Amino acid sequence: LSLRHPNLIQLLGGCWTLEDVNVCIVLELCEKGTLDNLLEKEPTRSRLSWAKHKLPIATGVARGMTYLHAQRPPIIHRDLKPANVLLGADLTPKVGDMGTALEMADGAEEKVAGAGTPLFQAPEVLRREQADERCDVWSYGCVLCCLSTRSINPYHPVPPAKAIELVEQLKLQPRAPRESPLGGVVDIATELEYEDRTSFEE
């Protein structure tokens with residue numbers, strides 16, 4: 001309950017039963033659903049403009065992730081993707097589904113792999129190598145590609161299974177279309193070696 005930011009989904013409360021361990025949580029209402037739902041709705045997709053919709057969504061997600069990574073120790077989301085970006089009534093983005101989040105305390109580098117959605121995972125996570133919070137930056141680059149192409153596959157037109165295989169082999173990076181204003185950000189967010197990747201703070 002201590003994490004509070006306008007671009008993070010707010011946990012309002014919860015309850016559980018001891019006998020059968022049922023857990024219920026109450027989150028703030030996000031009337032417009034998820035970003036992947038928005039991208040898949042054809043009539044809505046064509047009405048999304050860069051200035052009014054896409055850039056504010058991209059900026060809001062970055063602000064929420066910057067807040068998580070600024071915690072001490074940093075909090076890694078580990079499953080950033082369009083399905084985990086919820087949208088308020090005015091399309092304010094809120095990063096949600098913190099179920100796989102991990103505090104990046106000493107020795108956590110080896111625990112980063114093993115959670116998340118493969119299509120949005122960084123190469124080092126897919127390869128189960130040492131990783132840090134910059135694996136979220138790769139995932140953010142994938143989300144920006146989805147915003148740019150209006151597809152829920154950041155590697156479109158490469159099929160998801162083939163894309164995962166190529167990323168793991170360090171042979172594929174997500175790339176935004178030439179006309180996207182986010183292309184440069186995608187490039188620095190998805191460097192194959194995580195040491196070369198930018199951070200949210202930068």
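Helices are DSSP runs of H or I, at least four residues long, numbered from the N terminus. In this predicted model, one such run is helix α6, residues 160-168. Helix α6 holds both E165 and K162, three residues apart, about one turn of the helix. The two side chains form a salt bridge, with the closest N and O atoms 3.6 Å apart. E165 is partly exposed, at a relative accessible area of 37%. That value is neither under 20% nor over 50%, so E165 falls in the intermediate class. K162 is likewise partly exposed, at 40%.

A second salt bridge joins D187 to R175. Here the closest N and O atoms are 3.1 Å apart. D187 lies in helix α7 (residues 183-189), whereas R175 lies in the loop between α6 and α7, so the pair ties together parts that are twelve residues apart in sequence. D187 is partly exposed, with a relative accessible area of 33%. R175 also counts as partly exposed, at 39%.

The D79 and K81 side chains meet in another salt bridge, at 3.8 Å from N to O. In this case both D79 and K81 are buried. The count for the structure comes to seven salt bridges, including the pairs E165 with K162, D187 with R175 and D79 with K81.

D36 presents another arrangement of a buried charge. This residue sits in helix α1, residues 35-40. D36 is buried yet has no salt bridge. The nearest side chain of opposite charge belongs to K81, 7.4 Å away. A salt bridge requires a nitrogen-to-oxygen separation within 4 Å. K81 itself is paired with D79. The D36 side chain does make a polar contact, at 2.4 Å, with the side chain of T34. Beyond its neighbours within four places in sequence, D36 is in contact with P82, A83 and I152.

Cavities were examined next. The search of the whole structure finds one cavity of 30 Å³ or more. The largest cavity has a volume of about 60 Å³. Ten residues line this cavity. Nearest its centre lie R78, A115, Q121, V125 and C135. Helix α5, residues 134-149, gives the largest share of the lining, with three residues.

R78, one of the residues nearest the cavity centre, also has a notable backbone angle. Most residues other than glycine have a negative phi, and most peptide bonds are trans. R78 is not a glycine, yet its phi is positive, about 75°. The residue lies in the loop between β3 and β4 (85-87). At 16% relative accessibility, R78 counts as buried. The cut-off for that class is under 20%, so R78 falls within it.

R128 has a positive phi as well, of about 55°, and is not a glycine. R128 lies in the loop between α4 (123-126) and α5. Its relative accessible area is 62%, and R128 is therefore exposed. R78, by contrast, is buried.

Two cis peptide bonds are described here. One runs from R72 to P73, with omega near 0°. P73 lies in the loop between α3 (50-70) and β3 (75-76). The other runs from H156 to P157, with omega near 15°. P157 lies in the loop between α5 and α6.

L8 is found toward the start of the chain, in the segment before β1 (11-16). This residue is buried, with a relative accessible area of 4%. Apart from residues up to four places away in sequence, L8 touches L3, E28, G64, Y67, L68, K94 and V95. Among these contacts, G64, Y67 and L68 fall within the span of helix α3 (50-70). L8 and R78 are 70 residues apart in sequence. In space, the separation is 15 Å from C-alpha to C-alpha.

Notes
Residues are numbered from 1 along each chain as its sequence is written. This is a predicted model: local features need pLDDT of at least 70, side-chain atom pairs count only at pLDDT 80 or more; totals for chains, interfaces and linings use all residues. Side-chain values use heavy atoms; hydrogens and water are left out. Helices (H or I, at least four residues) and strands (E, at least two) are DSSP runs, numbered from the N terminus. Buried means under 20% relative accessible area, exposed over 50%, partly exposed in between (1.4 Å probe, protein chains only). Lys and Arg count as positive and Asp and Glu as negative; His and the chain ends are not counted. A polar contact is a pair of N or O atoms within 3.5 Å; within protein, one must be able to donate a hydrogen and the other to accept it, and residues adjacent in sequence count only if both atoms are side-chain atoms. Contact means heavy atoms within 4.5 Å. On a 1 Å grid over the protein atoms alone, a cavity is a set of points where a 1.4 Å probe fits but cannot get out, and a pocket is an open set with protein on both sides within 12 Å along at least five of seven lines; lining residues have an atom within 4 Å of a point. Grid points are joined across faces, edges and corners, and a volume is the space filled by probe spheres set on the points.
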